[in-house]
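Me: I would like to practise reading a model, going from the whole chain down to single side chains. Could you walk me through this one?

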Amino acid sequence: DGVLQEIRHFSGDPLPLSVVFIVDQSGSLETFYNEVKKTIGVAIDVLPAGDEIAVVGFDDSVRISTPFTNDRRETTAILKGISNTRGGTNILAALKLSIEKLKTVSLSRRRVIVLISDNELDTATISRNKIDQKEFYRAMLVDEITLYNVKVGHPDPAGASPRQRNPGEILVSMLVEGTGGQVIDARKRKP
């Protein structure tokens, strides 16, 4: 159009990230909580200094919600204080809040959600919240949010087919694939 344009990003370097770590505090992860904390610590350590982090902890409802910060010591202290609560697994409430947090972030940053969970969502949670699962998918696409899932907890039953997976597993897989993210199965990684 003949108008001089300012080039802000020209290299192959990625944009700075705004990452919301969603941490499952439910009872199904009670025996795996040290693994959950270790997984989060490793993830935070690999993020460059310019990236900002927020934390959302949940069980039946959202228990923790922090603002975005670049302060790794502050984030680490918050994460060390997170504990297992023995409640249910309301991934939907945590996702909804995380999407709202990321809507406030500048488009000059890449928007990412990292869900650390066993994805053991019960069907009662979906119907109780009357949330359209496609609403999450649309919101994440419109707001350019990528979802990653770090799967922790009990291994899937041997020989389990995709149809035997629980509704939370199906929902999370759909959102991860649809947003261009990745499922990382921490249960299969050797320490």
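Reply: Happily! Keep in mind that this is a predicted model. Its accessible surface comes to about 10700 Å², and carbon and sulfur atoms account for 53% of that. Buried residues make up 45% of the 191 residues.

Me: Which elements does the protein have, and in what order do they run?

Reply: There are six helices and six strands. From the N terminus on, the order reads β-α-β-β-α-α-β-α-α-β-α-β. Look at sequence separation too: of the contacts between residues at least 6 apart in sequence, 82% join residues at least 24 apart.

Me: How do I read one helix, say α2? Which of its residues are buried?

Reply: List the buried residues, then see where they point. In α2 (residues 72-81) they are R72, T75 and L79. These cover an arc of only 65° around the axis, so they sit on the same side of α2. They pack against β1 (17-24), α1 (33-46) and β2 (52-58), while R73, K80 and G81 are exposed on the other side. Check the start of the helix as well: a side-chain oxygen of D71 comes to within 3.0 Å of the backbone nitrogen of R73.

Me: And a single charged residue, K101: is it buried or exposed?

Reply: K101, which lies in helix α3 (residues 91-103), is buried yet has no salt bridge. The nearest side chain of opposite charge, E52, is 10 Å away. With a charged residue like this, look for polar partners next: the K101 side chain makes a polar contact with that of S65 at 3.3 Å.

Me: What else is K101 in contact with, leaving aside neighbours within four places in sequence?

Reply: Besides S65, the list includes V20, A54, V56, T66, P67 and F68.

Notes
Residues numbered from 1 in each chain as written. Predicted model: local features only at pLDDT ≥ 70, side-chain atom pairs only at ≥ 80, totals over all residues. Heavy atoms only, no water. Helix = DSSP H or I, 4+ residues; strand = E, 2+ residues; numbered from the N terminus. Buried < 20%, exposed > 50% of the residue type's maximum accessible area, 1.4 Å probe, protein only. Lys, Arg positive; Asp, Glu negative; His and termini not counted. Salt bridge = Lys/Arg side-chain N within 4 Å of Asp/Glu carboxyl O. Polar contact = N/O pair within 3.5 Å; in protein donor to acceptor, adjacent residues only side chain to side chain. Contact = heavy atoms within 4.5 Å. Areas by Shrake-Rupley, 256 points an atom, 1.4 Å probe, with all protein chains shown as cover. Arc of directions from axis to C-beta.
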